[in-house]
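Work through the exercises below with the sequence and the 3D structure at hand. Try each task before reading the solution that follows.

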Amino acid sequence: MELRRLSKEVLEIRIPYSGVESKPFLLASDIHLDNPKCDRKLFFSHLDRAKADGAGVLLFGDVLCLMQGKRDRRGSKASIRPEHLGANYFDLVFDESADILAPYGKHLLMMSNGNHETAVLNNQEVDPLANVIQRLRDKHDAITEHMGYQGWVRFTFYQPNTNSTGKIRRCNLFFHHGAWGGIVTKGVMGGGRYAAIAPDADIMVNGHNHERSIVNHPCYRVNENGKVRLQSRFHAQLGTY
């Protein structure tokens with residue numbers, strides 16, 4: 001796989017292929033890695049499987065929790081991991097997170113902001129994922145890219161040693177950490193909204209509400225030759241660890 005940052009909002013993942021084959025990816029969000037209630041055993045079992053399968057890993061927001069800062073009114077020192085107890089709380093979280101994610105640095109393709117990261121950025125003037133990713137890249141040679149609260153991942157499948165554009169296949173993934181709740185609908189109705197604001201998306205991903213579902217939102221498309229086709233567009237809600 002090759003990563004290309006096409007813009008601030010778009011990451012391209014280029015994948016060579018020779019015939020009919022598949023490429024696995026792990027999509028996850030709302031890990032809350034530094035929270036004592038995070039199921040780290042489950043999370044790292046998923047990372048280990050992704051590494052063994054040669055999969056790419058994409059993390060869509062709230063990778064960290066970071067609620068125990070001095071200015072956070074939600075904070076409680078009773079809800080902090082022992083290794084993060086110290087005057088330099090944020091540094092301790094960033095260092096430990098980078099160290100335990102380091103073995104997966106060649107598979108961890110991107111991490112994007114969630115509301116927990118943006119809250120720290122807005123209130124503490126510290127960019128959490130920028131710090132963790134910089135540590136991963138500098139100390140552990142990771143290839144991880146830092147993305148915003150929403151954006152695109154373009155999967156480009158190409159056949160090496162050919163100049164034919166007909167051999168290129170693309171799949172566009174639109175992600176948004178989360179804008180709408182879903183107490184009654186479990187967030188499923190949000191898929192139609194994401195489909196409306198991101199019409200070029202083949203896959204739509206969100207987290208935030210801690211719900212899990214995959215729903216197809218098909219639509220009619222017309223090509224340049226006037227042919228009508230029915231296109232599947234999948235909305236995936238990612239749960240929490």
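**Exercise 1. State what share of the residues of the protein counts as buried, and describe its overall build.**

Step 1. In this predicted model, 45% of the 241 residues of the protein count as buried, where buried stands for a relative accessible area under 20%.

Step 2. Turning to the surface, the protein exposes about 12,900 Å², and carbon and sulfur atoms supply 50% of that area.

Step 3. The secondary structure consists of five helices and 13 strands. The radius of gyration is 19 Å, close to the 18 Å that the globule rule gives for 241 residues, so the protein is as compact as a globular protein of that length.

Step 4. Taken along the principal axes, the box filled by the C-alpha atoms comes to roughly 65 × 45 × 30 Å. If one takes the contacts between residues at least 6 apart in sequence, 69% of them join residues at least 24 apart.

**Exercise 2. Find the residues that line the largest pocket, and sort them by class.**

Step 1. The volume of the largest pocket is about 220 Å³.

Step 2. Its lining is made up of Glu 21, Ser 22, Lys 23, Phe 25, Leu 27, Phe 155, Phe 157, Cys 171, Leu 173 and Ile 203.

Step 3. To place these residues on the fold, note that strand S3 (25-28), strand S7 (150-158) and strand S8 (169-176) each supply at least two residues of the lining.

Step 4. Sorted by class, the lining of the largest pocket has seven nonpolar residues, one polar residue and two charged residues.

**Exercise 3. Determine how many cavities of 30 Å³ or more the protein holds, and set out the linings of the largest and the second largest cavity.**

Step 1. The count comes to two cavities of 30 Å³ or more.

Step 2. The largest cavity holds about 50 Å³ of space. It is lined by 13 residues, of which Asp 34, Asn 35, Gln 68, Ser 79 and Tyr 89 are the closest to its centre. By class, this lining divides into seven nonpolar, four polar and two charged residues.

Step 3. The second largest cavity holds about 40 Å³, and the residues that line it are Trp 180, Gly 181, Gly 187, Gly 190, Tyr 194, Asn 206, Asn 209 and Gln 237. Two residues of this lining are nonpolar and six are polar, while no charged residue takes part.

**Exercise 4. Locate His 32 and Cys 65, decide whether each is buried or exposed, and list the residues that each one contacts.**

Step 1. His 32 belongs to the loop between S3 and helix H1 (40-53), and because its relative accessibility is 10%, it counts as buried.

Step 2. When neighbours within four places in sequence are left aside, His 32 is in contact with Cys 38, Asp 62, Val 63, Leu 64, Cys 65, His 116, His 210 and Thr 240. For His 32 and His 116, which are 84 residues apart in sequence, the C-alpha to C-alpha distance is 8.7 Å.

Step 3. Cys 65 lies in the loop between strand S4 (56-60) and helix H2 (89-101), and it is buried because its relative accessible area is 5%.

Step 4. With residues up to four places away in sequence not counted, Cys 65 touches His 32, Asp 34, Asn 35 and His 116. Its C-alpha atom is separated by 9.9 Å from that of Pro 128, 63 residues apart along the chain.

**Exercise 5. Give the phi angles of Lys 186 and His 210, and describe where each residue lies and how exposed it is.**

Step 1. As background, most residues other than glycine have a negative phi.

Step 2. Lys 186, a residue other than glycine, has a positive phi near 60°. Lys 186 lies in the loop between S8 and helix H5 (190-197), and its relative accessibility of 44% makes it partly exposed.

Step 3. Phi of His 210 is likewise positive, near 60°. His 210 sits in the loop between strand S9 (203-206) and strand S10 (213-216), and with a relative accessible area of 38% it is partly exposed.

Step 4. Val 184 also lies in the loop between S8 and H5, and because its relative accessible area is 76%, Val 184 is exposed.

How values were computed:
Residues numbered from 1 in each chain as written. Predicted model: local features only at pLDDT ≥ 70, side-chain atom pairs only at ≥ 80, totals over all residues. Heavy atoms only, no water. 1 Å grid on protein atoms, 1.4 Å probe; cavity = no way out; pocket = protein on both sides within 12 Å on 5 of 7 lines; lining within 4 Å. Points joined across faces, edges and corners; volume = space filled by probe spheres on them. Nonpolar A, V, L, I, M, F, W, Y, C, P; charged D, E, K, R; others polar. Helix = DSSP H or I, 4+ residues; strand = E, 2+ residues; numbered from the N terminus. Rg over C-alpha atoms; globule rule 2.2 N^0.38 Å. Buried < 20%, exposed > 50% of the residue type's maximum accessible area, 1.4 Å probe, protein only. Contact = heavy atoms within 4.5 Å. Areas by Shrake-Rupley, 256 points an atom, 1.4 Å probe, with all protein chains shown as cover.
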